[in-house]
Amino acid sequence: MTRFSLCALLPLSALVITACSAAPSPAQNAAAPAASPPVSMELPENSPLEPSIVNVPATTGHANLAPSAPSFTITQIGKFDSPFAMAFLPDGRLLVTEKAGHLKLRATNGSVTEITGVPKVAADGQGGLLDVAVAPDFATSKRIYLSYSEPRSQGSSLALASATLGASSLENLKVIWRAGSDGPGGQFGAVIAFAPDGKSLFLSSGERQRFTPAQDPDQALGKILHLTLDGQPAPGNPMASAGGVRAATWSSGHRNPYGLAFDSAGRLWETEMGPKGGDELNLILPGRNYGWPIVSNGDNYSGQPIPDHPSRPDFEAPKLWWNPSISPGGLLLYSGSMFPAWKGSAFIGALSAEALIRVTLNGDTATPADQWKMDMRIRDVVQAPDGAIWLLGDGDDAKLLRLTPKG
Ligand SMILES: [Ca+2]
Ligand SMILES: [Ca+2]
């Protein structure tokens, strides 16, 4: 009998206090999840068929535009190796994550140093060191947040850590939240967005190409979580009294959410990589279910159809969707003054479409406005303190670009 199957036979109370918990590492502060029973390392190919659902085709919200030439000046200002995300410090320095497990700090003069003390990551496929976010009170706390795929005894788990940023190292590193559901599978989502009041945070958690966990209220996969700054379920969540994963859940039924940002009125917007032809821009509302994997305006990569969103109007439909796929990465809600005409617009970095996409927002309504051909896969989009828009590429030799008005 293996260690894992023995653990599976023990009652939950025993699991918590016995050696079934994974061996502690120096960075394990959040309650380490008990080792799970043996999990299949095979991923399903298709979403589960629900033959009782009659397909009602989606007819509104299709957002693909013909690509156009960029209408701004593009300046290359750096290069990174398979980066995932970037975030500005208040003084204009830039933190960049590289999936292999490197946290880089770019000074305003362009020089780049590596920050030591990052947690160990499971760097393969879509996993590794993922998002970086700078605490709203960074000026006094020096606190940053990192999301990453944490190596587990079976596969990996999405984890969230906080630390204080020293001159060239992380200090006081604490793992404050773990998804659990250890096992195989790529897309972690992993994007951090602070609430407008700066007192809590939202974290996107992908379904890791496993489909059904997105509809399982007891698995933190395929969810948007709402947590305190210390990684606990935020008070006031839709299922706050239910405990466990449910208490931390803000919304469910997501596939692979790579963009998460608030607009100036406090609405939370999300970009989500769907299956083939089903990429989405969603307005995230508390307690709502966004339908994956039961409905999608796209279909399985195998060609097996999935009923479109109007087939199940009880699920929240996307405001916009893209077919062919664009593979949305980071999402920026622009609030700067360098591009005054674009204040309030959403900017989406597209990987497979190799485009920067602008969407205008008016209350709850989203309208596609521009799809600029950038000739590179775009992983992240952020606003610099001066209002310039910075783009981060993807893969080896990924470019860092600064966009400024023409002329
Ligand atoms: Ca959906
Ligand atoms: Ca469909």
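Student: In which order do the 4 strands of the open sheet with strand 1 and strands 22 to 24 stand, and is their pairing parallel or antiparallel?
Tutor: This is a predicted model, in which local features need pLDDT of at least 70 and side-chain atom pairs count only at pLDDT 80 or more, while totals for chains, interfaces and linings use all residues. Residues are numbered from 1 along each chain as its sequence is written, and chains are lettered from A and ligands numbered from 1 in the order in which they are written. Strands here are DSSP runs of E with at least two residues, and helices are runs of H or I with at least four, numbered from the N terminus; two strands pair if DSSP finds at least two bridges between them. On that basis the open sheet has antiparallel pairing and the order 1-24-23-22.

Student: Which strands stand at the edges of that sheet, and why is one side of each left without a neighbour?
Tutor: Each edge strand has a single partner strand, so one side of it has no neighbour in the sheet. At one edge, strand 22 (378–383) pairs with strand 23 (residues 389–393) in the antiparallel sense over 5 bridges, and within this pairing valine 382 has tryptophan 390 as its bridge partner. The edge strands are strand 1 and strand 22.

Student: Where does aspartate 397 lie, and is it buried or exposed?
Tutor: Aspartate 397 sits in the loop between strand 23 and strand 24 (398–405), and its phi is near 55°, a positive value in a residue other than glycine. A residue is buried if 20 or more other C-beta atoms, placed from the backbone, lie within 10 Å of its own, exposed if 12 or fewer, and partly exposed in between. With 9 C-beta neighbours inside 10 Å, aspartate 397 counts as exposed.

Student: Arginine 208 also has a positive phi; is this residue buried or exposed?
Tutor: Most residues other than glycine have a negative phi. Arginine 208, with a positive phi of about 60°, is found in the loop between strand 11 (200–205) and strand 12 (223–228). Since 30 other C-beta atoms lie within 10 Å, arginine 208 is buried.

Student: Why is strand 19 described as largely enclosed by the rest of the structure?
Tutor: Strand 19 (residues 346–350) is joined by 4 bridges to strand 18 (residues 328–333), which runs antiparallel to it, and it pairs with strand 20 (residues 355–362) in the antiparallel sense over 5 bridges. Ala346, Ile348 and Ala350 point one way from strand 19, whereas Phe347 and Gly349 point the other way, and all are buried. Strand 19 is largely enclosed because the buried residues number 5 of the 5.

Student: Which residue of the hairpin of strand 19 and strand 20 takes a positive phi?
Tutor: Alanine 346 in strand 19 stands opposite valine 359 in strand 20. The hairpin has 4 residues between the strands, and the positive phi, near 50°, belongs to glutamate 354.

Student: Which residues have the most contacts inside the largest nonpolar core?
Tutor: A nonpolar core is a set of buried Ala, Val, Leu, Ile, Met, Phe, Trp, Tyr and Cys residues joined through C-beta atoms within 7 Å. The largest such core has 96 residues, and its largest share, 6 residues, comes from strand 8 (residues 156–165). Those with the most contacts inside it are Ile144, Phe202, Trp269 and Leu391.

Student: Which residue stands opposite tryptophan 269 of strand 15?
Tutor: Strand 15 (residues 268–273) is joined to strand 14 by 6 bridges, and the two run antiparallel. Two residues are in contact if their C-beta atoms, placed from the backbone, lie within 7 Å, and, not counting residues up to four places away in sequence, tryptophan 269 touches residues including Asp263, Leu331 and Ala346. The residue opposite tryptophan 269 is alanine 261.

Student: Which residue is joined to proline 293 by a cis peptide bond?
Tutor: Most peptide bonds are trans. Proline 293 is found in the loop between strand 16 (279–284) and strand 17, and the cis bond before it has an omega of about 0°. Its partner in that bond is tryptophan 292.

Student: What is the radius of gyration of the protein?
Tutor: The protein comprises 4 helices and 24 strands. The radius of gyration is taken over C-alpha atoms, and the globule rule is 2.2 Å times the number of residues to the power 0.38. That rule gives 22 Å for 407 residues, and the protein is close to it, so it is as compact as a globular protein of that length, with a radius of gyration of 21 Å.
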